[in-house]
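Please work through the exercises below with the model open beside you, and try each task before reading its solution.

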Amino acid sequence: MDYLPWIGLAIIAVLIFIWIYIRLHEKLPYIMNETILTQRERAFYRILKPVADKLELQICPKVRVADIVSIKKGTKDWQKWFNKIKSKHVDFLLCDYDMNIVLLIELDDRSHETERAQKNDRLKNAIFGDRLVRIRSLKEDVEAVIVAALKKVQ
């Protein structure tokens, strides 16, 4: 009868070992994407790159809003306000060589016609104001749009 607790412990130890083994050898459901940008975003990046180079600006694609916006300390319902931005991003961020934020660019397309997208757009417009540039067509004169926006924020 003295061996029953030892058998119980041995069974528990074996079950723990099996659980750990399964967890360590579990295949993750993730696959690496080939690119960070969509085909349209890549096409725009190719247009934006020479403009940014000429203006001595760095391009950061797909930056999470929560990484470039802070919520004021002491804000009531902090979590509620954080939840509004935690899963949103801007398409392109333009920074100077010290990585100070200069402008933000949203590449708008048909997906921005939905009510949900328009709500997100209104929030980004309210947060970023004149620093946010919206490009609707790849045929726009991107350099002229950016230079005009730079004049507004300087």
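Helices (H or I, at least four residues) and strands (E, at least two) are taken as DSSP runs and numbered from the N terminus. The model is a predicted one, in which local features need pLDDT of at least 70 and side-chain atom pairs count only at pLDDT 80 or more, while totals for chains, interfaces and linings use all residues. Residues are numbered from 1 along each chain as its sequence is written, and side-chain values use heavy atoms, with hydrogens and water left out.

**Exercise 1. Determine how Asp53 and Lys49 are placed relative to each other in helix H2, and what joins their side chains.**

Solution. Begin with the criterion: a salt bridge is a side-chain nitrogen of Lys or Arg within 4 Å of a carboxyl oxygen of Asp or Glu. The side chains of Asp53 and Lys49 form such a bridge, at 2.8 Å from N to O. Next, consider the spacing: because Asp53 and Lys49 are four residues apart in helix H2, about one helical turn separates them. Finally, classify the exposure, where buried means under 20% relative accessible area, exposed over 50%, and partly exposed in between (1.4 Å probe, protein chains only). Asp53 is partly exposed at 40% relative accessibility, and Lys49 is likewise partly exposed, at 33%.

**Exercise 2. Decide whether Arg136 and Asp108, which form a salt bridge, are buried or exposed.**

Solution. The closest N and O atoms of Arg136 and Asp108 are 2.5 Å apart. This pair links distant parts of the chain, since Arg136 lies in the loop between strand S4 (132-135) and helix H5 (142-153) and Asp108 in the loop between S3 and H4, 28 residues apart. Arg136 has a relative accessibility of 55% and therefore counts as exposed, whereas Asp108, at 4%, is buried. Widening the view, a network of salt bridges links Asp108, Asp121, Arg134 and Arg136. The count of salt bridges by this rule comes to nine.

**Exercise 3. Describe the lining of the largest pocket by its source and by its residue classes.**

Solution. On a 1 Å grid over the protein atoms alone, a pocket is an open set of points where a 1.4 Å probe fits, with protein on both sides within 12 Å along at least five of seven lines, and lining residues have an atom within 4 Å of a point. The largest pocket holds about 580 Å³ of space, a volume being the space filled by probe spheres set on the points, which are joined across faces, edges and corners. Its lining comprises 21 residues, of which His89, His112, Ala117, Asn120 and Lys124 lie nearest the centre. Helix H2 (39-54), S2, S3 and helix H4 (115-128) each supply at least two lining residues, and H4 gives the largest share, seven. Sorted by class, the lining has three nonpolar, six polar and 12 charged residues, with Ala, Val, Leu, Ile, Met, Phe, Trp, Tyr, Cys and Pro counted as nonpolar, Asp, Glu, Lys and Arg as charged, and the others, Gly among them, as polar.

**Exercise 4. Locate Asp77 and Met99, and give the sign of phi for each.**

Solution. Asp77 falls in the loop between strand S1 (58-64) and helix H3 (78-85), and its phi is near 60°, a positive value in a residue other than glycine. Met99 belongs to the loop between strand S2 (89-95) and strand S3 (101-107), where its phi, near 65°, is also positive in a residue other than glycine. For exposure, Asp77 is partly exposed at 44%, and Met99 is partly exposed at 45%.
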